[in-house]
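Let us take a walk through this structure together, one residue and one helix at a time. Have the sequence and the 3D view at hand as you read.

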Amino acid sequence: MINVRWGVFFLVAGLIVVIILFQWPKIKQAPKKDKWALFILFFIAWGLSLFNLQYIEGPNSILEKLLDPTFGKFMKK
């Protein structure tokens, strides 16, 4: 089960809103590509703030769990 830290999620959302409000005159003058890149990065940061990333396993441990039962028996013989 995923442990969501709602305080961090709403804090990041608030920070994104504050950044957009204070930087809107500069953002408004930026090219369309820069605006899209900025908002995509904000969206990624906001999405990642949902997860408690320090406790999520990395790709190596996931691969070990997937491959160990099948290939571990084969390699031991």
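A good place to start is L48, a residue of helix α2. With a relative accessible area of 42%, L48 is partly exposed, because that value falls between the 20% below which a residue counts as buried and the 50% above which a residue counts as exposed. Please keep in mind that you are looking at a predicted model.

L48 also has company on the surface. Together with W36, I40, L41, I44 and F51, L48 forms a nonpolar patch. The accessible area of these residues adds up to about 610 Å². If you turn from the patch towards helix α1, you can find V12, which is 36 residues away from L48 along the chain. The C-alpha atoms of V12 and L48 are separated by 9.8 Å.

Now step back for the overall plan. The protein has 3 helices and 0 strands, and its pattern along the sequence reads α-α-α. Of its 77 residues, 12% are buried. The accessible surface comes to about 7,000 Å², and carbon and sulfur atoms account for 73% of that area.

Helix α1 deserves a closer look. This helix has 24 residues and spans 34 Å from its first C-alpha to its last, close to the 34 Å expected at 1.5 Å a residue. Along the way there is a kink of about 70° at Q23, shortly before the proline P25. Which residues of α1 are buried? They are F9, V12, I16, I20 and I27. As a reminder of helix geometry, an α-helix has 3.6 residues a turn, so residues three or four places apart point the same way.

One of these buried residues, I20, can be paired with a residue of helix α2, namely F42. The C-alpha atoms of F42 and I20 are separated by 9.8 Å, with their positions 22 residues apart along the chain. F42 has a relative accessible area of 14% and is buried, because a value under 20% counts as such.

Let us finish with the aromatic rings. A search of the whole structure finds 6 aromatic pairs. In one of them, the ring centres of F9 and F10 are 5.2 Å apart and the planes meet at 70°, so this pair is edge-to-face. Although F9 and F10 are partners, their surroundings can be told apart by accessibility: F9 counts as buried at 9%, whereas F10 counts as exposed at 54%.

F9 has a further partner in W46, and how are their rings arranged? The two are stacked, with 5.0 Å from centre to centre and 25° between the planes. F9 belongs to helix α1 (residues 6-29) and W46 to helix α2 (residues 32-48), so the pair ties together parts that are 37 residues apart in sequence. W46 itself is partly exposed, with a relative accessible area of 32%.

These residues also belong to a wider group: W6, F9, F10, F43 and W46 form one aromatic cluster. As you return to the 3D view, try following F9 from its buried position in α1 to its stacked partner W46, and then on to L48 in α2, where our walk began.

Key
Residues numbered from 1 in each chain as written. Predicted model: local features only at pLDDT ≥ 70, side-chain atom pairs only at ≥ 80, totals over all residues. Heavy atoms only, no water. Phe/Tyr/Trp six-rings, centres within 6.5 Å; stacked < 30°, edge-to-face > 60°. Buried < 20%, exposed > 50% of the residue type's maximum accessible area, 1.4 Å probe, protein only. Helix = DSSP H or I, 4+ residues; strand = E, 2+ residues; numbered from the N terminus. Patch = residues over 30% accessible without salt bridge, like charges linked within 9 Å, V, L, I, M, F, W, Y side chains within 5 Å. Areas by Shrake-Rupley, 256 points an atom, 1.4 Å probe, with all protein chains shown as cover. Salt bridge = Lys/Arg side-chain N within 4 Å of Asp/Glu carboxyl O. Expected span 1.5 Å × (residues − 1). Bend = angle between axes of the 7 residues up to and from the residue.
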